[in-house]
Amino acid sequence: GLPGEATIRVYTAAGTLVRTLKHDNPGSDQESWDLENASGEEVAPGLYMWDVDAGDVGSIAGKMMIMK
């Protein structure tokens, strides 16, 4: 459930930033990710961490497993 505007950051399990996504859609509470890093390369399967910064609304963090 994303707010209308948020910044989503995806990291490797080691803490390296993989991709930053900008969510700017008040009509949707979801954001898709093409599973590519900032250079456009496909990410490897594994554990990734994410955080969402929604400014005054707050922030949240979590983890996800990518399997191919």
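Strand 4 gives the most to the lining of the largest pocket, with 3 residues. That is a handy place to start with this predicted model, since the pocket brings several strands into one picture.

**The pocket**

The largest pocket holds about 340 Å³ of space. Its lining is made of 19 residues, and the closest to the pocket centre are L2, I8, E31, W50 and V52. If you sort the contributors by element, strand 1 (5-12), strand 3 (46-53) and strand 4 each supply two or more lining residues. What is the chemical make-up of the lining of the largest pocket, in terms of nonpolar, polar and charged residues? The split is 12 nonpolar, 5 polar and 2 charged.

**Salt bridges**

How many salt bridges does a search of the whole structure find? The count is 2, and here they are side by side.

| Salt bridge | N to O distance | Separation along the chain |
|---|---|---|
| D51 with R9 | 3.7 Å | 42 residues |
| D34 with R19 | 2.7 Å | 15 residues |

Take D51 and R9 to begin with: their closest N and O atoms sit 3.7 Å apart. A salt bridge here needs a side-chain nitrogen of Lys or Arg within 4 Å of a carboxyl oxygen of Asp or Glu, so the 3.7 Å of this pair qualifies. The two partners come from distant parts of the chain, with D51 in strand 3 and R9 in strand 1.

The other pair joins the side chains of D34 and R19, at 2.7 Å from N to O. D34 belongs to the loop between strand 2 and strand 3 while R19 belongs to strand 2, so this salt bridge ties together parts of the chain 15 residues apart in sequence. D34 has a relative accessibility of 44%, which is why it counts as partly exposed.

**Strand 1 up close**

R9 is worth a second look. This residue has its place in strand 1, and its relative accessible area of 26% makes it partly exposed. Partly exposed covers the range between the buried cut-off of under 20% and the exposed cut-off of over 50%, so R9 at 26% falls in between. Its C-alpha atom is 11 Å from that of S59, a residue 50 positions away along the chain.

T7 is also a strand 1 residue. Is T7 buried or exposed? With 12% relative accessibility, T7 counts as buried, because the cut-off for buried is under 20%. The C-alpha atoms of T7 and K22 are separated by 4.8 Å, although these residues are 15 apart along the chain.

**An unusual backbone angle**

Which residue has a positive phi although it is not a glycine? That would be L35, with a phi of about 60°. L35 is placed in the loop between strand 2 (17-24) and strand 3, the loop that also holds D34. At 29% relative accessibility, L35 counts as partly exposed.

**A nonpolar patch on the surface**

Last stop is the outside of the model. L47, M65 and M67 make a nonpolar surface patch of about 350 Å². Of these, M67 is found in the segment after strand 4 (59-66). Why does M67 count as exposed? Its relative accessibility is 71%, and exposed means over 50%, so M67 passes the cut-off.

How values were computed: Residues numbered from 1 in each chain as written. Predicted model: local features only at pLDDT ≥ 70, side-chain atom pairs only at ≥ 80, totals over all residues. Heavy atoms only, no water. Patch = residues over 30% accessible without salt bridge, like charges linked within 9 Å, V, L, I, M, F, W, Y side chains within 5 Å. Areas by Shrake-Rupley, 256 points an atom, 1.4 Å probe, with all protein chains shown as cover. Helix = DSSP H or I, 4+ residues; strand = E, 2+ residues; numbered from the N terminus. Buried < 20%, exposed > 50% of the residue type's maximum accessible area, 1.4 Å probe, protein only. 1 Å grid on protein atoms, 1.4 Å probe; cavity = no way out; pocket = protein on both sides within 12 Å on 5 of 7 lines; lining within 4 Å. Points joined across faces, edges and corners; volume = space filled by probe spheres on them. Nonpolar A, V, L, I, M, F, W, Y, C, P; charged D, E, K, R; others polar.
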